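Subject: Structure for you to look at

Dear colleague,

I am handing over the structure we spoke about, and I would be glad if you opened it beside this message. Please look through it once before reading on.

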Amino acid sequence: MKVIVKKDYDEMSKDVANHIINYINNKPDSLLCFAGGDTPLKTYAYLVEAAANGQVDFSKCSFVSLDEWGGLGPETKGSCVETLYNHLYNKLPINVEKQVCFFNGKAENLEDECKRVDEFIFNKGNIDISLLGIGMNGHLGFNEPGADEEMYSGVIPLDPITKTVGSKYFEEELDLKVGITLGLKHLLNSNDVILIANASKKADIVKETVEGEISNKVPSSLARKCNSSFIYLDEEAASKLENR
């Protein structure tokens, strides 16, 4: 895993955006998996700006959902689909209906949703870039501690930490029980695995991710097993690393 530490959140986000832009310019038909949450939002702003300025062309790319809260859809502010569409997909010059495959958290059968999204990826061959935030417990998507490394997509009971931290995204209290997610098998098989973290609150889990035991007890640590993995950090998130 290559560790990249930047001065602050803005510089980190710009560097991540440039990584993605350079990759797409070399492979215009890339399959991209982008996370929701707060950490990637500045990166998305830079990607939107780059597309508007002609620095990158997303017209041949495909996009696949990382995850979604079970029971939520685009009408819920803070859902993954609401975040990605409002901050990225709807701002890019792409055909959203044809190019984006997203988990439907409100589907009657979430297991069927897993199969549908798996087939989308299998038909493309492989994910090129997975851009992943690191949860406070090391989760990637909704792959919680103890996650099965051989799972492609699945419906996962939410860890109490995830439910507690996740509540910040929503304007009202929600009874969240499960998440639907791409599994570690998809994510760790990506051509480039990019982890991102900022702020001092992530310093402990970043240290475990980069310097701790490689184990599914901390799913983010498994990225170190990948052929091409990167972790982009600001100074605060990197503050407890011994080897910078």
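Below is what was found in it, beginning with the sheet and then turning to the helices and one buried residue.

Please keep in mind throughout that this is a predicted model.

The sheet is open and is formed by seven strands in the order β1-β10-β9-β6-β2-β3-β5, with parallel pairing. Its edge strands are β1 and β5, each of which pairs on one side only. As a general point, strands of a sheet pair through backbone hydrogen bonds, either parallel or antiparallel. Within this sheet, β2 and β6 pair in the parallel sense over three bridges, and the residue in β6 that is the bridge partner of F34 is L131.

Two helices can be placed against these strands. Helix α5, residues 110–124, lies across β2, β3 and β5 and runs at about 150° to β3, while helix α8, residues 203–211, packs on the sheet by touching β1, β9 and β10, its direction making about 155° with that of β10.

Helix α1 covers residues 9–26, and because 18 residues at 1.5 Å a residue should span 26 Å, the distance of 26 Å between its end C-alpha atoms agrees with what is expected. At the start of α1, a side-chain oxygen of D8 comes to within 3.3 Å of the backbone nitrogen of D10. The buried residues of α1 are M12, S13, V16, A17, H19, I20, I21, Y23 and I24, and what covers them includes the strands β1, β2, β6, β9 and β10 as well as helix α2.

Helix α2 can be checked in the same way: its twelve residues should span 16 Å at 1.5 Å a residue, and its end C-alpha atoms are 17 Å apart, which agrees. In α2, the residues T43, Y44, Y46, L47, V48, A50 and A51 are buried, and the buried residues of this helix pack against α1, β2, α3 and β6. Just after α2, G54 takes a positive phi of about 80°.

Finally, please look at T181, which is found in strand β8, residues 178–182. T181 counts as buried because its relative accessibility is 0%, buried being under 20%. Leaving aside residues up to four places away in sequence, T181 touches a number of residues, including L66, F103, F142 and M151. The C-alpha atoms of T181 and M151 are separated by 9.9 Å, although the two residues are 30 residues apart along the chain. A polar atom of the T181 side chain also lies 3.1 Å from the backbone nitrogen of F142.

With best wishes

How values were computed:
Residues numbered from 1 in each chain as written. Predicted model: local features only at pLDDT ≥ 70, side-chain atom pairs only at ≥ 80, totals over all residues. Heavy atoms only, no water. Helix = DSSP H or I, 4+ residues; strand = E, 2+ residues; numbered from the N terminus. Expected span 1.5 Å × (residues − 1). Buried < 20%, exposed > 50% of the residue type's maximum accessible area, 1.4 Å probe, protein only. Contact = heavy atoms within 4.5 Å. Polar contact = N/O pair within 3.5 Å; in protein donor to acceptor, adjacent residues only side chain to side chain. Pairing = 2+ DSSP bridges. Axes fitted to C-alpha atoms, helices over the stretch in contact; angles between N-to-C directions.
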